[in-house]
Every structure is written in structure tokens, then in C-alpha cells.
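Trainee: Hi, could you walk me through this structure? I'd like to get my bearings before I set anything up.

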Amino acid sequence: MIAQVTTVGSLSLTPPSPGVSSAAEFIEERYSDWKRDLAGSVVLYGPQAEAREALEEVYVETKEANWDGYGALSVGPETYDAATRFLEALPWGIPAPEVSAEPDGSISFEWFYGPRRVISISVNPHHRLAYAILDGGDQSHGAATFFDQIPDRIIREIRSIIPS
Amino acid sequence: MTSLPSGLPEHVADGEPLARFLLTKRYFSTANERVKAEAFLPPPNLELSVFRICHLDDSAIEALGQPVAAIQSKKLCGWGRVMTAAVRRLNLDLEADEEPKRHANIVGWPTEPDRDVQKGLHKRIALELANEATLVLAPGS
């Protein structure tokens, strides 16, 4: 097992690689505790507090089917939980996204910096993210797996949209 | 050319404006005065409901949208106005679908074997459509 040193100063949230020894388990446990504490402070006081509040509001408004008047599916508790985990998994320094819901009952997170500078990511309860990006003349879309960690390529895409 | 109950031709011309009625505040942003992509995501049957609003002023469009909202027990917040030509530029098409009068569907949404990849593709098209749309808020919304 290789235990990866996680530096608090740089606020890296890179997890240790999975191990099998008791030392590895100990490190993983401590890492999880530390990540939870840090996420708690970010969620309570950081820009994500704003997004959490918006998510809560969206969830309350979309609990009933047909919330959009066009037969939209309700946003279920599993989707809400997945969306919460998504927000918690966002690295430090990423601004709060706009939160909305979609006709299929997914939650969407959008970083909008102009009509041709936008990324929208949908979270569903099936551990998959669907995303679309318009970046100048470039455009892309796709899907990625999501458990408790947002894939690096998605994080890179979000960062590329945010003005420096 | 076939004429519909509304008197409009069956074929939706490129120069026709369309309205996507907004019945939830989740589908637009007043902060930057835009329709959000979510408003243009297709439902499972891949027929996105719109209305043909040629020759109608805003109060007539509002009168067209009020019953649409009322039947769903919703409030008409406004509409996204988009041109048919912009829809066709995205390789989608329009099909007239009366009644109600002036109703049409945006059809031709592409499909993918992977459900989530298809969702991503639809999101990208919806972002493009939202960019082409102008937000019009209903008076008093």
C-alpha cells in the first residue's frame, strides 16, 4: 500500500490509494475524518454554503412531480444526497454554481460566465454525471462516473471555464 | 399548402418566432436576464413543446400562454423566444401539433446508446438553444 501524504497547507483533497494493512486503514480513516471536517467548514462558511442553500431550495420546490408544468419528474432524496456529495467534493477555490433541476429529476450545477463560457453538470442517483460545455468556439459533452470524487477531467473543465 | 385550425400553414417557416412558455422560475435567471438550458431539455418522448407566435404582440402571447399555465395550475412566468431557423441550425426540426392552436413540437433530438452521454448531448444542444433565446417576462411575474 502506498500512503499518500495529504498536505493541509495546500488543501489537497487527493485521497490515499486504497490499502490493506491496519496502518493503511488508519490513514484512510484519519483522511476521511479530516476531509469531513474540512468539508464541514467549507460547506458552512465557504461559497458552497450559498450553493447548499440553493440546493435545499430547489429540492423543496421540486419534490412533487410536474414541478415545471411539463410533466417533470420529482427530484428524489437519492438525487438530493448525490447532489450534496457533489458539492462537498468540489475542491477549494471553485465558486458556487447556480443550482437548478431538470425534467428527468436530475439536479444541475451550472457555472455561467457568458453565453459561450458555460459548463453545466447534471447529477442523478445512478452515480453518473452528464455534462455539457460551451467554451468559445469549442463545445463538448459527455458522461462520467461519480461516487464521492469528481473525476479530475471534470474539475479541469470547470476550472477552465472560471475566469482567472 | 395545408392550413391548420389556427390558420397557420402546417410547415413551420424558418422566419417564425417560437415561444417556450416558462412555468417555473427554475428555468430562467433574472440576474443575467436569460433563459436557462433546463427550459430547453426535451422530455422523455423527445418532443419539446413550443408555440408559434408569428404576428402576435407580447400581450397576445401572454394570452396564449395563460391557459397553458392554468391547466397545469402554474403561474406563467414568461417565455423564451427563439427563431425556427436557430432551431434548425442545431439539426432539430419543428412539427406543428394543433390543438391547442399554434402548438408545435421541437423534434429530431439525437439519440445515443448510453443514456447519460445522450443527456450530455441534449444539454449541449439545450445550452445552444438557450443562447439563441430571448427572455420575456410576463407582466407581474
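Mentor: Happy to; we can go through the chains, sheets, helices and cores in turn. Keep in mind that this is a predicted model.

Trainee: Thanks! What helices and strands does chain A have?

Mentor: Chain A holds four helices and five strands. Read from the N terminus, the elements of chain A go α-α-α-β-β-β-β-β-α.

Trainee: And how much of chain A is buried?

Mentor: Of the 164 residues in chain A, 43% are buried. The accessible surface of chain A is about 8,200 Å², with carbon and sulfur atoms accounting for 54% of that area.

Trainee: What about contacts between residues far along the sequence?

Mentor: Take the contacts in chain A between residues at least 6 apart in sequence: 44% of these join residues at least 24 apart.

Trainee: Let's do the sheet of chain A. In what order do its strands come?

Mentor: The order is 1-2-3-4-5, in an open sheet with antiparallel pairing. At the edges are strand 1 (98-101) and strand 5 (138-145) of chain A, each pairing on one side only. From one strand to the next, the twist averages 20°.

Trainee: How many bridges join strand 1 and strand 2 of chain A?

Mentor: Four bridges, and the two strands run antiparallel; strand 2 covers residues 107-112. Within this pairing, Glu98(A) is opposite Glu110(A) in strand 2 of chain A.

Trainee: Which strands does helix 3 of chain A lie across?

Mentor: Helix 3 (residues 77-89) of chain A lies across strand 2, strand 3 (117-123) and strand 4 (128-135) of chain A, at about 30° to strand 2 of chain A. Chain B contributes as well: helix 3 (residues 115-132) of chain B packs on the sheet and touches strand 2, strand 3, strand 4 and strand 5 of chain A. The direction of that chain B helix makes about 35° with strand 4 of chain A.

Trainee: Nice. Which residues touch the most other members of the largest nonpolar core?

Mentor: They are Phe86(A), Phe109(A), Trp111(A), Ile121(A), Ile158(A) and Phe40(B), in a core of 68 residues. There is also a second, separate core of 13 residues, and Phe21(B), Leu23(B), Ile53(B) and Ala138(B) are among them.

Trainee: What does Phe109(A) touch?

Mentor: Leaving out residues up to four places away in sequence, Phe109(A) touches ten residues' worth of neighbours that include Phe86(A), Leu87(A), Pro97(A), Glu98(A) and Ile121(A).

Trainee: Over to chain B. What is the strand order in its sheet?

Mentor: It is an open sheet of six strands in the order 6-7-4-1-5-8, with antiparallel pairing. Strand 6 (93-96) and strand 8 (134-137) of chain B each have a single partner strand, so one side of each has no neighbour in the sheet. The twist here averages 40° from one strand to the next.

Trainee: How do strand 1 and strand 4 of chain B pair?

Mentor: Strand 1 (residues 17-22) and strand 4 of chain B pair in the antiparallel sense over two bridges. Ala19(B) has Phe51(B) in strand 4 as its bridge partner. Helix 1 (residues 58-71) of chain B lies across strand 1, strand 4, strand 5 (78-83) and strand 8 of chain B, at about 45° to strand 1.

Trainee: Last one: is Ser49(B) buried or exposed?

Mentor: Ser49(B) counts as buried, because its relative accessibility is 17%, under the 20% cut-off. Ser49(B) sits in strand 4 (residues 48-52) of chain B, and its side chain makes a polar contact of 2.7 Å with the side chain of His103(B). Among the residues touching Ser49(B) is one from the other chain, Tyr70(A).

Methods:
Residues numbered from 1 in each chain as written. Chains lettered and ligands numbered in written order. Predicted model: local features only at pLDDT ≥ 70, side-chain atom pairs only at ≥ 80, totals over all residues. Heavy atoms only, no water. Buried < 20%, exposed > 50% of the residue type's maximum accessible area, 1.4 Å probe, protein only. Contact = heavy atoms within 4.5 Å. Areas by Shrake-Rupley, 256 points an atom, 1.4 Å probe, with all protein chains shown as cover. Polar contact = N/O pair within 3.5 Å; in protein donor to acceptor, adjacent residues only side chain to side chain. Core = buried A, V, L, I, M, F, W, Y, C linked by side-chain atoms within 4.5 Å. Pairing = 2+ DSSP bridges. Axes fitted to C-alpha atoms, helices over the stretch in contact; angles between N-to-C directions.
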